[in-house]
Amino acid sequence: MDESAMVESEEIRPGVILDYDASDNVVGIEILGLSQRVPAEMLKSLQFETV
């Protein structure tokens, strides 16, 4: 998570929550139940990209 202070959260899809700072930038992402969404063998090699 970014070091910016989170001021708001929004569930954009069931179990996918974005956290926003005061400037409305995304500073965090929470994915609930990821082990039920992704096959176990893929959990070991998930890669995330920032833009």
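Trainee: How many bridges pair E2 and E3, and in which sense?
Mentor: Keep in mind that we're looking at a predicted model. In it, the two strands sit in the antiparallel sense. Look at Val16, for instance: its bridge partner in E3 is Ile31, while Ile17 has Glu30 as its partner there. Counting the bridges between E2 and E3 gives 5.

Trainee: Which residue takes a positive phi in the hairpin of E2 and E3?
Mentor: That hairpin leaves 5 residues between its strands. The residue you want lies in the loop between E2 and E3, and it has a positive phi of about 70 degrees although it is not a glycine. So go for the residue in that hairpin with a phi near 70 degrees, Asp24.

Trainee: Is Asp24 buried or exposed?
Mentor: Its relative accessible area is 54%. The cut-off for this class is over 50%, so Asp24 is exposed.

Trainee: What about the other side of E2, how many bridges join E1 to it?
Mentor: Strand E2 covers residues 16-20, and E1 runs antiparallel to it. Some of the pairs are easy to find: Glu8 stands opposite Tyr20, Glu10 stands opposite Leu18, and Arg13 has Val16 as its bridge partner. For E1 and E2 the number of bridges comes to 5.

Trainee: Which residue in the turn between E1 and E2 has a positive phi?
Mentor: E1 and E2 make a hairpin, with 2 residues between them. In that turn, look for a phi of about 80 degrees, and you land on Gly15.

Trainee: What is the order of the strands in the sheet?
Mentor: This is an open sheet of 3 strands with antiparallel pairing. Strands E1 (8-13) and E3 (26-31) each have a single partner strand, so they stand at the edges and one side of each is left without a neighbour in the sheet. Neighbouring strands are turned against each other by 25 degrees on average, direction ignored. Reading across, you get E1-E2-E3.

Trainee: How many residues of E2 are buried?
Mentor: Check the two faces of the strand one by one. Val16, Leu18 and Tyr20 are buried on one side, and Ile17 and Asp19 are buried on the other, so both faces are covered. E2 is largely enclosed by the rest of the structure, because the buried count is 5 of the 5.

Trainee: Which strand gives the most to the nonpolar patch?
Mentor: The patch on the surface is formed by Val26, Ile29, Ile31, Met42, Leu43, Leu46 and Phe48, with about 650 Å² of accessible area together. E3 and H2 each supply at least two of its residues. With 3 residues, the top contributor is E3.

Trainee: How does Leu43 count in terms of accessibility?
Mentor: Leu43 lies in helix H2 and is one of the residues in the nonpolar patch. Its relative accessibility is 33%. Buried would need under 20% and exposed over 50%, so Leu43 counts as partly exposed.

Trainee: What separates the C-alpha atoms of Ser35 and Arg13?
Mentor: Ser35 has its place in helix H1, residues 34-37, and is partly exposed at a relative accessible area of 47%. Along the chain, Ser35 and Arg13 are 22 residues apart. Between their C-alpha atoms, the separation is 16 Å.

Trainee: Where is confidence highest in the protein?
Mentor: The mean pLDDT of the protein is 86, and 90% of its residues reach 70 or more. That's worth a look, because predicted coordinates should not be read in detail where pLDDT is low. Confidence is lowest in helix H2 (residues 40-43), at a mean of 85, while the highest, at 96, is in E1.

Methods: Residues are numbered from 1 along each chain as its sequence is written. This is a predicted model: local features need pLDDT of at least 70, side-chain atom pairs count only at pLDDT 80 or more; totals for chains, interfaces and linings use all residues. Side-chain values use heavy atoms; hydrogens and water are left out. Two strands pair if DSSP finds at least two bridges between them. Helices (H or I, at least four residues) and strands (E, at least two) are DSSP runs, numbered from the N terminus. Axes are lines fitted to C-alpha atoms, for helices over the stretch in contact, and angles run from 0 to 180 degrees between N-to-C directions. pLDDT is the predictor's confidence in each residue, from 0 to 100. Patches are made of residues with over 30% relative accessible area and no salt bridge: like charges are joined within 9 Å, nonpolar side chains (Val, Leu, Ile, Met, Phe, Trp, Tyr) within 5 Å. Accessible areas come from the Shrake-Rupley method with a 1.4 Å probe; for residues, only the protein chains shown count as cover. A salt bridge is a side-chain nitrogen of Lys or Arg within 4 Å of a carboxyl oxygen of Asp or Glu. Buried means under 20% relative accessible area, exposed over 50%, partly exposed in between (1.4 Å probe, protein chains only).
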